[in-house]
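Visitor: Could you take me in for a close look at one part of this model, the sheet, and then show me what else is worth a glance on the way out?

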Amino acid sequence: MPSAAAPPSALPLDAQGILELAARSMFHLFSSISQGMFLVDRDARIVWVNEGYRRFLPDLGFSSIDQFLGHLVEEVIPNTQMRRVLETGEPILIDLLTNKAGTFVVSRIPLRDEAGQVIGAIGIVLFDHPETTLQPLISKFAMLQRELDDARRELASQRSNPLYAQRRAKHTFASFVGTSPAATEIKRQARRAAQSSSPVLLLGETGTGKELLAHAIHAASPRAHGPFVGINIAAVPDTLLEAEFFGVAPGAYTGADRKGRDGKFRLAHGGTLFLDEIGDMPLAVQAKLLRALQEGEIEPLGSNRLQPFDARVIAATSRDLAALVREGRFREDLYYRLNVLPLRVPPLRERRSDIPALVEVLGEDIALRAGTAQPEPTPDALALLAGQHWRGNIRELRNVLEQAAMRSDTQQLDAAQLAEVLRASGVAQLAPAAPPPEAAPLPADLLRPLGEQVAELERRAIAAALAATGGNKLATARLLGISRATLYGRLENPDQ
Ligand SMILES: Nc1ncnc2c1ncn2[C@@H]1O[C@H](COP(=O)(O)OP(=O)(O)OP(=O)(O)O)[C@@H](O)[C@H]1O
Ligand SMILES: [Mg+2]
């Protein structure tokens with residue numbers, strides 16, 4: 001039985017020996033519990049890499065340790081802080097490092113010789129994939145960071161002009177994701193429109209990004225330093241629209257509005273006024289809006305004085321404005337006044353090649369807001385998304401991704417999971433054929449017997465639908481809008 005007065009260990013340990021043993025134990029401990037370690041010499045050259053670290057090499061662009069050794073650390077590990085440790089002699093006990101190989105929780109410790117001189121440093125990867133291991137902490141941190149950014153922005157805009165608080169553009173052209181020919185073209189037109197001071201009319205289906213573009217046009221215009229003021233006409237009761245637009249003179253009303261109130265035209269002074277859902281404007285207000293635009297002056301309710309205004313107008317609608325004019329529900333003269341620079345924002349199905357990039361960006365945003373890992377659709381799932389009609393466009397795509405991510409236990413989203421969400425949402429349907437190519441196909445491709453081309457298209461559509469439904473023939477037939485018998489017929493004899 002051990003007693004307090006146990007005999008001293010038989011090992012001849014002096015203080016130096018204990019230190020060395022402790023150092024060695026620590027080294028082995030870190031080596032076994034960490035994901036990887038490496039050493040640099042005093043010149044910051046990599047001199048040693050442990051077994052665990054090998055697996056990061058391919059992501060850093062190296063196929064062997066020999067290639068990796070001997071390099072200056074910053075040449076081979078982007079964003080590393082090892083040199084700082086060598087220079088200051090101070091450890092960085094815990095830090096997040098992000099580079100092309102991923103995000104890691106790392107530790108960096110200087111190594112000293114007996115005289116206390118720094119002779120190198122040790123880098124330790126404590127965790128890789130911190131997004132899973134440290135998820136709760138990171139999402140909380142991301143949330144706090146977002147709140148801080150918002151608060152800072154708000155404060156900055158209040159400082160520069162109290163009237164403009166929260167009246168800055170929220171998006172720039174960089175927020176408009178897409179490199180398809182249709183997306184590139186609309187961005188080109190919108191950039192040109194930003195340079196002009198004429199009214200812009202944004203036309204396009206719901207959820208195509210009209211509001212986003214209105215912000216971006218403002219942000220790229222010479223008025224970017226002025227306010228961006230939006231009004232959603234469909235959301236304001238008809239009886240209040242006039243006051244919203246033109247404001248109310250002091251004393252015009254008793255009660256809350258006694259002191260008078262600025263209208264949106266006035267608030268947008270020096271900036272941009274965004275008239276959203278313009279197609280929903282009642283005829284009586286249309287007349288007043290027209291007069292304001294023609295004269296460049298507004299008349300607040302209850303006032304008999306005209307005030308000049310200086311706001312660039314951007315209007316948007318998902319309705320067919322020309323048809324409303326024909327039906328007598330929208331004034332023709334107002335239509336022409338707004339329709340100076342019409343921009344037709346393309347629906348998602350005309351730019352299907354943007355879907356992967358949109359999925360990436362929307363997924364990132366969904367994950368950030370929910371504090372979860374970013375959804376990762378499989379190639380089949382992406383193909384399924386590319387085949388949809390997308391009546392609600394990018395907003396609908398976002399909803400589908402959000403719902404699928406919520407239902408899924410894993411980060412990965414496969415085609416079957418997405419098909420389920422699409423079915424449940426009820427509005428989307430698979431296009432009957434593969435998406436039409438956006439770039440003109442090579443003529444040689446088309447100069448073949450039509451029957452052969454149609455058969456090939458059918459085979460591709462069937463293969464895609466089978467993949468999307470996990471091989472379920474009934475679901476495949478439904479997705480393609482054909483009977484099960486026809487599907488079996490095609491599968492048995494694909495050339496008929
Ligand atoms: N090209 C794009 N890249 C990234 N996000 C986009 C893009 N276009 C639209 N979005 C996003 O999709 C959503 C819908 O866009 P927005 O509100 O601008 O559409 P809208 O055309 O004004 O629709 P509605 O007519 O229904 O008002 C927003 O969350 C927006 O940020
Ligand atoms: Mg809108």
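**A walk from the sheet outwards**

Guide: Let's start at a single pairing: N232 stands opposite D276, a residue of strand β8. Keep in mind that we're looking at a predicted model. On the β11 side, the bridge partner of D276 is A316. That puts D276 between N232 and A316, so to speak, and it's a handy spot from which to read the strands around it.

Zoom out a little. β8 covers residues 272–276, and β7 covers residues 228–232; the two pair in the parallel sense over five bridges. Turn to β11, residues 312–317, and you'll find five bridges joining this strand to β8, again running parallel.

Now, how covered is β8? Five of its five residues are buried, so to say mostly covered is fair; that's the DSSP strand taken end to end, with buried meaning under 20% relative accessible area. If you follow the side chains along β8, T272, F274 and D276 point one way, while L273 and L275 point the other way. Both sets are buried.

Step back again and you get the whole sheet. What is the order of its strands? It's an open sheet of five strands, β7-β8-β11-β6-β12, with parallel pairing. The edges are β7 and β12 (341–344), each of which pairs on one side only. From one strand to the next, the twist averages 20°. As a reminder, strands of a sheet pair through backbone hydrogen bonds, either parallel or antiparallel.

Over at the β12 edge, look for β6, residues 200–203: four bridges join β6 to β12, and the two run parallel. To pick out one pairing there, find L203, whose bridge partner in β12 is R344.

Leaving the sheet, have a look at helix α18, residues 415–425. Its buried residues are A415, L418, A419, V421 and L422. Seen down the axis of α18, these fall within an arc of 165°, so they line one face of the helix. What covers them? Elements that do so include α16 (379–386), α17 (393–407), β14 (412–413) and α20 (450–468).

α17 also turns up among the salt bridges. R398 and D365 meet through their side chains in one, at 2.9 Å from N to O. R398 lies in α17 and D365 in helix α15 (residues 355–370), so this pair ties together parts that are 33 residues apart in sequence. D365 itself is partly exposed, with a relative accessible area of 23%. There's more to this corner: D365, R369, R398 and E402 are linked in a network of salt bridges.

How many salt bridges does the whole structure hold? A search finds 21. Another of them joins the side chains of E244 and K264, 3.9 Å from N to O. Here E244 lies in helix α10 (residues 238–246) and K264 in helix α11 (residues 264–267), so the pair ties together parts that are 20 residues apart in sequence. E244 counts as partly exposed at 22% relative accessibility, whereas K264, at 17%, counts as buried.

One last stop: E51 forms a salt bridge with R54, and the closest N and O atoms are 3.1 Å apart. E51 counts as exposed at 58% relative accessibility, and R54, at 41%, as partly exposed.

Conventions: Residues numbered from 1 in each chain as written. Chains lettered and ligands numbered in written order. Predicted model: local features only at pLDDT ≥ 70, side-chain atom pairs only at ≥ 80, totals over all residues. Heavy atoms only, no water. Buried < 20%, exposed > 50% of the residue type's maximum accessible area, 1.4 Å probe, protein only. Pairing = 2+ DSSP bridges. Arc of directions from axis to C-beta. Contact = heavy atoms within 4.5 Å. Salt bridge = Lys/Arg side-chain N within 4 Å of Asp/Glu carboxyl O. Axes fitted to C-alpha atoms, helices over the stretch in contact; angles between N-to-C directions.
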